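Colleague: I'm new to this one, so could we go through it together? Let's have it on screen first.

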Amino acid sequence: MKMNKLVLLITVLAFMVSCNSGDRGQVVGVKGKRWHPEKPYGMTLIPGGAFIMGKSDDDLAGMQDSPTKTATVRAFFMDETEITNSEYRQFVQDVRDNIIRKNLAEMADLEGKVPDDGGIGEFAYTDTDTTNLTPYQKYIINTYGNDQRTLNKEIDLHESTEDFPDELYSEVIDNMYLPLEESYNGQRTWDVSQFVFTYTSMDIQAAAKDRSLNRSDVIEQEEIMVYPDTTVWIRDFAYSYNEPMHNDYFWHDAYGDYPVVGVSWDQAKAFCQWRTIYHNNYQKGRKRQPVNVYRLPNEAEWEYAARGGLQGATFPWGNNYTLNDRGCFMANFKPLRGDYAADQALYTVEADAYEPNDFNLYNMAGNVSEWVNGSYSTSSYEFMSSINPSVNDKNNQRKVVRGGSWKDVAYYLQVSSRDYEYADSARSYIGFRTVQDYMGEEVTKNAKNK
C-alpha cells in the first residue's frame, strides 16, 4: 500500500512539473529573450552576397598581387564614415578618466577615506562599505582583489583646479600631467603615456587548430597606449612645414569631424574592443543581450563594401574616371602632378565629404587609407577561402591598408588596390572604420535583386 502511494505521488509530481513547464513533456528548446537587431549608430547594413574580388585582366602588375576571385561574404554593419577625431577622442578620454578614477580610488583606499569623509573619499571604491554587498561580491573581491572592485562613476570628475576638493585629489591629478619643467607656452600637458587601455582577447584560430591547448593558453592580455601619434605629420614629410597639423589636428574642435590619423593597427584593434565593452556596458545596465563585437573589416568585406554592389567597378562610384560630368574630382587624393589642392582639399576633409557609394559609405576611396584585419602577402588570394575569406597571420606584422589617401595617386583609390603598413606604425594618411556582424534574418544582395 505504501509503495502504491509513493508511485502515485511521483506520478503526480511529474505531471505537475510537466504542466508547469508548459511544454507538455516535449522538447521545445530553451526560450530566451527575443532578439531585435539594432542598427548601431553611424553604421549601415551591408547585405551579404558574392562578388568578383581582385584586379581586372588589364592590370597585369596588379594581377600578381590580387588576381580575380569569386568571394562570398555574410551580412554586416559598417561605419558610414571613417572613425573621426571626435569619436576617437571619446575613446581616449574614457580611458583617461577610468585611469584617474582608479588612481583616486586607490589613494582613498590607501588613506582610509570613505564617501562620508568628503573630498577624495567620494571617489572611493563603491564596495568600501561592505554592508550592502552580496555574498558573491564579497567572495569575488576577497578572491581576486582590487581588479574586481567597482569604481564610483556617479560622481563627476572636477576639471577646474578651483574645484579640486582636497590636496589628495590634487596630487592624483597632478601625477597625470608631465612635470612642470616639461611644459611650455604656459600650458601643462597630459602625460599621454599613462593613457593605457588593457583588455583581453581570445585567439580562436589557435584554439580551433590545436585542441590540446588549454583555454588559458589562448587568452591574451593586451596593453595599448591609445593616444594617437601626432608627430606623424612631421615625420612623414621631410623638409615640409606641417607643424599646425601636429599641434591642432587631433584635439581641436575644428577638426572634430575629420578622420583620425596617427593610429596604428594595434590601436585600431583596441578601439574596437573598447567600443564593444562600452556598448555592452549599456546593454548590461538595461538587462539586454550583449551585441556582437565591433572589429576591423577583413579585406573581402572592405572591397565588397567599397564596390557598393557594383560588379567590375574600378572606383566606388562605378566608372574608370576620377572626375564627374561637371569636371569635379570625386574623392580627396593627389591629382595631376602634385597639385594637392586641385580636389579642393590640401590634407584630409570631413569624414562625410564627397558623395557616398551605393551602400551609403563615404570616402571608401581617398581621404585616408584604412586598416583592415588582414596580413599582407602577395599570395593571399591564392589560398584564402571563397566564403568569408580572411587571411590574418599574427606572425606577419605587415597589415593591409585599403582605399588610398589624400596624398596618394589615383591608382591606390581603386577598390581592388592593396597596400600595407606595419602593425605598430602610425601614419598621417591612415585611419580606419569598424564593422559588426549582423545577427538576425539573413540579408543578401542576391535576394534583394530577385
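Colleague: Which residues of strand E4 are buried on each side?

Modeller: Keep in mind that this is a predicted model. Strand E4 spans residues 76-79, and both of its faces are covered. Buried here means under 20% relative accessible area. On one side that gives Phe76 and Met78, and on the other Phe77 and Asp79.

Colleague: What is the bridge partner of phenylalanine 77 in E12?

Modeller: E4 and strand E12 (residues 435-437) run antiparallel and are joined by three bridges. One of the residue pairs there is methionine 78 with valine 435. For phenylalanine 77, the partner in E12 is glutamine 436.

Colleague: And which residue is paired with phenylalanine 77 from strand E1?

Modeller: Strand E1 covers residues 43-46 and pairs with E4 over four bridges, in the antiparallel sense. Across that pairing, phenylalanine 77 is the bridge partner of leucine 45.

Colleague: Which strands stand at the edges of the sheet, and why is one side of each left without a neighbour?

Modeller: The sheet is open, with four strands in the order E1-E4-E12-E7 and antiparallel pairing. Each edge strand has a single partner strand, so one side of it has no neighbour in the sheet. Those edge strands are E1 and E7 (294-295).

Colleague: Which helix lies across these strands, and at what angle to E4?

Modeller: Look for residues 299-307, which form helix H11. H11 lies across E1, E4, E7 and E12, and its angle to E4 is about 70 degrees.

Key:
Residues are numbered from 1 along each chain as its sequence is written. This is a predicted model: local features need pLDDT of at least 70, side-chain atom pairs count only at pLDDT 80 or more; totals for chains, interfaces and linings use all residues. Side-chain values use heavy atoms; hydrogens and water are left out. Buried means under 20% relative accessible area, exposed over 50%, partly exposed in between (1.4 Å probe, protein chains only). Helices (H or I, at least four residues) and strands (E, at least two) are DSSP runs, numbered from the N terminus. Two strands pair if DSSP finds at least two bridges between them. Contact means heavy atoms within 4.5 Å. Axes are lines fitted to C-alpha atoms, for helices over the stretch in contact, and angles run from 0 to 180 degrees between N-to-C directions.
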